[in-house]
Amino acid sequence: MTAAVADQRAVRRARPVAPAWWTDVAGSAAVLSLLAVTALWTADRGVQELLAGPATGLTSLGRLAGLVSADLMLVQVALMARVPLVERSFGQDRIARWHRLAGFTSVNLLLAHVALTTLGYAGTARQGVLAETWDLVVTYPGMLLATAALALLVLVAVTSVRAARRRLRYESWHLLHLYAYLGVALALPHQLWTGADFVGSAAARAYWWTVYLLTLASVLVYRLGLPAWRSLRHRVEVAAVVPEAPGITSVWLRGRDLHRLPVRAGQFLLWRFLDGPGWSRAHPYSLSAPPNRDLMRITVKDLGDGSARVATLRPGTRVLVEGPYGRLTGERWRGGGITMFACGVGITPLLALLWELPYAPGQAVLLYRARTPEDLAFRAELDRLAAERGLVVHHLVGPRARRPSWLPAYAEGMSDAEALRRLSPGVAAHDVFLCGPDGWVDAARAAARAAGVPDAHVHHESFAW
């Protein structure tokens, strides 16, 4: 399959670029939704009830917390619906951070809603909190479902805390995370049947039905419908499996009309290999070569999270695809010099970019970090890029430095920025692309900043879960 790399620049897709104004529109829509919820609460005597007395005030404040919580839940679902314009505007790493912030905030507000409303109702009824809690759960329509929703959403939040995520396999965490959809669905009847703002206001009903239906439509279209359609249309299957280095495997994939798949070098897709049990779990793998009419290539490192099975795939295995995603593409390049930092399997999207970008000889520098010479993948391709395209390659091989650094231990005698300026003399005017483990990328980014590279010219996308 290596011969297929010969004409990587032959097919370059024009991928739509999100208009600059779309970023402002998308961000404003989320803020406006929160303002709308607050305005509806205010119109339904929320402020008057807040000031009417302790019990009524607690109930009103609990209503507001519940409304904002519900709105944020829908925002976080919409953020991860993978709407193309949203994804291209912000990138998956930023969207994931906002999704996480909205998720934790919504669950905390939901707990506040439960506590404040229960205290307010107990004060109004002049009975104990436990007795009031029991009455609310067993007598109010939809409350049993709402209680189950609360338990599921708290479970998702607890397992999303970093300490818990470190103890969970990706597959387990992902399965638990899907319960958030069920939690949002189970909470809806409570709002429809007993939510004061929903029952008593036509404007509120119109708003909530609109945002619920839009959110549902975004999930059905972009998380389910579009991936299913693309998988059926392109009929992707494994063409060949090629070992690249210890624990690193490339998979060549063929399909129908792949030139119509709007994917660029540097992007990633979610892959499901139909090779047996566990096929339903999707894994994000970047392209390691620009796609052409007939073939795509991904390269995977065995990280013990199900990625080891990639090396056992057989030609002809059918593949479901979702995507493409990511903004680490040639669209970010301004047309001048390029410095690329790669560590380990992080070479994959950068190698694809090096084949695709039309840089001049000597204009691109690759800094490739690996622990041992055997860990260096694609040496033949990099040699060919150096010979044919004038790529300058620096292999940085050796044990990790004792201090946080992108350099190996043998280079600890000089600063990270000084080493960068020596290896890539024009780096201050370059576009810098980085891909590797988070800590290593942080050190490389700090070195680029210290060497004079503006943050706007440093391009990186995190795929951590």
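Histidine 430 is buried, with 11% relative accessible area. The model in which this residue sits is a predicted one. Histidine 430 belongs to the loop that runs between helix H15 (416–423) and strand S10 (431–435). Its side chain makes a polar contact of 2.8 Å with the side chain of threonine 339. Once neighbours within four places in sequence are set aside, histidine 430 is in contact with Arg334, Gly337, Ile338, Thr339, Gln363, Ser424, Val453 and His457. Threonine 339 therefore appears both as the polar partner of histidine 430 and among its contacts, and the histidine counts as buried because its relative accessible area of 11% is under the 20% limit.

The wider setting is as follows. The protein has 465 residues, of which 48% count as buried. Its secondary structure consists of 16 helices and 11 strands. The C-alpha trace spans about 80 × 50 × 40 Å along the principal axes. The exposed area is about 21300 Å², and carbon and sulfur atoms supply 63% of that area. Among contacts between residues at least 6 apart in sequence, 71% join residues at least 24 apart.

The chain is divided into domain 1 (20–228), domain 2 (235–325) and domain 3 (330–461). Between the C-alpha centres of domain 1 and domain 3 there are 43 Å.

Glycine 452 is another loop residue, placed between helix H16 (438–450) and strand S11 (458–460). With a relative accessibility of 43%, glycine 452 counts as partly exposed. Its C-alpha lies 4.8 Å from the C-alpha of alanine 428, although 24 residues separate glycine 452 and alanine 428 in sequence.

Glutamine 76 lies in helix H3, which covers residues 54–79. This glutamine is buried, at 11% relative accessible area. Leaving out residues up to four places away in sequence, glutamine 76 touches His99, Ala102, Gly103 and Ser106.

Tryptophan 209 is in helix H12 (residues 202–234). It counts as partly exposed, with a relative accessibility of 37%. Tryptophan 209 contributes to a nonpolar surface patch of about 570 Å², together with Leu213, Leu216, Leu220, Val221 and Leu224.

Charged pairs come next. Side chains of opposite charge can pair when their charged atoms come close. The structure holds 15 salt bridges. In one of them, the side chains of glutamate 356 and arginine 264 meet at 3.0 Å, N to O. Glutamate 356 is part of helix H13 (residues 347–356), while arginine 264 is in the loop between strand S2 (248–254) and strand S3 (268–273), so this pair ties together parts that are 92 residues apart in sequence. Which side of the burial limit do the two partners fall on, buried or exposed? Glutamate 356 counts as buried at 2% relative accessibility, and arginine 264 counts as buried at 7%.

A second salt bridge joins the side chains of glutamate 381 and arginine 297, at 2.5 Å from N to O. Here glutamate 381 comes from helix H14 (residues 379–389) and arginine 297 from strand S5 (residues 295–301), so the pair ties together parts that are 84 residues apart in sequence. Glutamate 381 counts as buried, at 10% relative accessibility. Arginine 297 is buried too, with a relative accessible area of 1%.

The salt bridge between the side chains of arginine 422 and glutamate 418, at 2.9 Å from N to O, lies within a single element. Both arginine 422 and glutamate 418 are in helix H15, 4 residues apart, which is about one turn of the helix. Arginine 422 is exposed, with 56% relative accessible area. Glutamate 418 counts as partly exposed, at 28% relative accessibility. Elsewhere, salt bridges that share partners join Arg82, Arg223, Arg272 and Glu322 into one network.

Note on methods
Residues are numbered from 1 along each chain as its sequence is written. This is a predicted model: local features need pLDDT of at least 70, side-chain atom pairs count only at pLDDT 80 or more; totals for chains, interfaces and linings use all residues. Side-chain values use heavy atoms; hydrogens and water are left out. Patches are made of residues with over 30% relative accessible area and no salt bridge: like charges are joined within 9 Å, nonpolar side chains (Val, Leu, Ile, Met, Phe, Trp, Tyr) within 5 Å. Accessible areas come from the Shrake-Rupley method with a 1.4 Å probe; for residues, only the protein chains shown count as cover. A salt bridge is a side-chain nitrogen of Lys or Arg within 4 Å of a carboxyl oxygen of Asp or Glu. Helices (H or I, at least four residues) and strands (E, at least two) are DSSP runs, numbered from the N terminus. Buried means under 20% relative accessible area, exposed over 50%, partly exposed in between (1.4 Å probe, protein chains only). A polar contact is a pair of N or O atoms within 3.5 Å; within protein, one must be able to donate a hydrogen and the other to accept it, and residues adjacent in sequence count only if both atoms are side-chain atoms. Contact means heavy atoms within 4.5 Å. Domain bounds come from an automatic or database domain assignment.
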